[in-house]
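Q: Please take a close look at one part of this protein, its interior. I would like one connected description, with the surroundings included where they help.

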Amino acid sequence: MLMMAGRGGATKLASSMMLVARCFSTATARGMLVKEAVHAKAMGFHGDVVRGNVGEFLVRGSVFGLRHGSTASFSEKDQQQNVQLVAEGGGGDKEEKKESTVSYWGVPPSRVTKEDGTEWKWNSFRPWETYSADLSINLTKHHAPVTLLDRMAYWTVKSLRWPTDLFFQRRYGCRAMMLETVAAVPGMVGGMLLHCRSLRRFEHSGGWIKALLEEAENERMHLMTFMEVSNPRWYERALVFTVQGVFFNAYFLGYLISPKFAHRMVGYLEEEAIHSYTEFLKELDKGNIKNVPAPAIAIDYWRLPPNSTLRDVVVAVRADEAHHRDVNHFASDIHYQGRELKEAPAPIGYH
């Protein structure tokens with residue numbers, strides 16, 4: 001009898017707790033306010049719970065109520081309205097809606113301005129990451145292949161140039177954009193492998209991790225710039241998937257086997273990039289390619305004058321490629337001397 005009574009009481013208790021939780025969930029979904037409870041923050045709920053910015057609603061102190069309140073079931077229509085409310089800033093001031101989106105996690109919105117006080121509109125890079133390209137860099141330097149690995153790296157790059165020339169012909173804008181999708185891979189792969197090596201060995205990298213990752217980011221910004229002046233076709237986008245997948249894995253294995261070969265090959269790739277951008281400039285000077293105004297992202301990234309043109313952008317990009325050439329040939333030379341990159345400080349970056 002006692003056991004049966006105990007079971008019956010437990011069943012009633014569980015039922016009542018489930019009923020409270022269910023009722024609480026329904027009340028929360030309808031935006032009702034329940035008193036005598038703890039504070040919790042809500043964002044984007046549809047109803048009277050939140051007004052404009054982040055509001056507070058009160059829930060019962062029950063663990064069941066709190067849990068069901070945080071996972072309250074909304075209809076699909078209500079969820080779409082909630083997302084639209086936050087995304088479009090409806091029902092309140094737009095600035096308040098922007099703050100409510102991030103304040104739930106305690107991360108304040110970043111407000112970055114230029115030196116003149118105007119708002120910074122780029123999220124992919126910040127004002128302190130911009131720089132003026134070193135246009136005085138020597139563009140004609142060339143590393144003559146000496147060893148077997150040097151020759152292998154040199155002729156590997158030369159063999160890749162022929163199909164590239166055949167595919168793109170004189171479409172240098174599209175050629176530059178497509179090649180930058182590959183050029184940003186080596187720095188990321190090298191930096192990632194050095195990063196893992198540093199963690200395994202509990203040692204510093206001599207600044208080379210940052211140097212290589214900066215190279216990858218710089219190449220990516222080249223791509224972001226040329227996307228503003230050239231629109232890739234569908235088959236060119238498909239080509240990126242294929243070439244990038246093959247090149248990433250091949251370079252990854254190559255770097256694991258021989259970093260000196262990997263860096264030497266990138267050095268020769270950059271020499272070819274300098275040649276390609278020089279031909280790009282010739283076509284611009286001949287009028288075969290329209291010298292359109294420089295994209296806004298390029299003006300801010302390279303700190304170019306407001307009236308700069310596409311030619312000014314190509315000149316800045318070519319100077320970057322010359323810097324990458326020198327860094328990678330230097331890294332290869334360090335390995336040829338039987339040393340590790342950490343033993344020689346990395347060259348100063350772009351900024």
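A: From the N terminus on, the elements run α-β-β-α-α-α-α-α-α-α-α-α-α-α. That gives twelve helices and two strands. The model is a predicted one.

Some totals set the scene for the interior. The protein has 351 residues, and 40% of them count as buried, the cut-off for buried being under 20% relative accessible area. Among contacts with a separation of 6 or more, 72% are between residues 24 or more positions apart. The accessible surface comes to about 20800 Å², and carbon and sulfur atoms account for 60% of that surface.

Now to the interior itself. The largest nonpolar core is made of 39 residues. Within this core, the residues with the most contacts are F226, Y277, F280, W302 and V314. Five helices each give two or more residues to the core: α6 (172-183), α8 (208-226), α10 (259-286), α11 (296-301) and α12 (310-336). The one that gives the most is α12, with eight residues.

Y277 is a useful residue to follow through this core. Leaving aside neighbours within four places in sequence, Y277 is in contact with A176, E180, F226, V314, V317, R318 and E321. Two of the residues on that list, F226 and V314, are also named among those with the most contacts inside the core. Apart from this core lies another, which has 26 residues, including V182, I209, Y255 and V327.

Helix α6 shows what it looks like for an element to sit in the interior. This helix has twelve residues and reaches 15 Å from its first C-alpha to its last, close to the 16 Å expected at 1.5 Å a residue. Ten of the twelve residues are buried, so α6 is largely enclosed by the rest of the structure. The buried ones are Y172, G173, C174, R175, A176, M177, M178, E180, T181 and V182. They pack against α5, α7, α8, α9, α10 and α12. A176 and E180, two of these buried residues, are also contacts of Y277. V182, likewise buried in α6, is one of the residues of the 26-residue core.

A further link to α6 is made by S276, a residue of helix α10. S276 counts as buried because its relative accessible area is 12%, below the 20% cut-off. Not counting residues up to four places away in sequence, S276 touches Y172 and R175, and both of these are on the list of buried residues of α6.

Helix α9 has buried residues and also takes part in the surface. It spans residues 234-257, which is 24 residues, and reaches 35 Å from its first C-alpha to its last, close to the 34 Å expected at 1.5 Å a residue. Its buried residues are E236, V240, F247, Y251, G254 and Y255. What covers them includes α5 (148-168), α6, α7 (185-201), α8 and α10. Y255 is also one of the residues of the 26-residue core.

On the outside, F167, W234, Y235, L239 and V243 make a nonpolar surface patch of about 480 Å². Helix α9 gives the most to this patch, with four residues. F167 is found in helix α5. F167 counts as partly exposed because its relative accessibility is 34%, which falls between the cut-offs of 20% and 50%.

Two loops complete the account. In general, most residues other than glycine have a negative phi. F202 has a positive phi of about 55° although it is not a glycine. F202 lies in the loop between α7 and α8, and with a relative accessible area of 77% it is exposed. R303 also has a positive phi, near 55°. R303 is in the loop between α11 and α12, and at 47% relative accessibility it counts as partly exposed.

The loop between α7 and α8 also holds E203. The C-alpha atoms of E203 and K342 are separated by 8.8 Å, although these residues are 139 residues apart along the chain. Neighbours within four places aside, E203 is in contact with R197, S198, E340 and K342.

Terms used. Residues are numbered from 1 along each chain as its sequence is written. This is a predicted model: local features need pLDDT of at least 70, side-chain atom pairs count only at pLDDT 80 or more; totals for chains, interfaces and linings use all residues. Side-chain values use heavy atoms; hydrogens and water are left out. A nonpolar core is a set of buried Ala, Val, Leu, Ile, Met, Phe, Trp, Tyr and Cys residues joined through side-chain atoms within 4.5 Å. Buried means under 20% relative accessible area, exposed over 50%, partly exposed in between (1.4 Å probe, protein chains only). Contact means heavy atoms within 4.5 Å. Accessible areas come from the Shrake-Rupley method with a 1.4 Å probe; for residues, only the protein chains shown count as cover. The expected span of a helix is 1.5 Å times one less than its number of residues. Patches are made of residues with over 30% relative accessible area and no salt bridge: like charges are joined within 9 Å, nonpolar side chains (Val, Leu, Ile, Met, Phe, Trp, Tyr) within 5 Å. A salt bridge is a side-chain nitrogen of Lys or Arg within 4 Å of a carboxyl oxygen of Asp or Glu.
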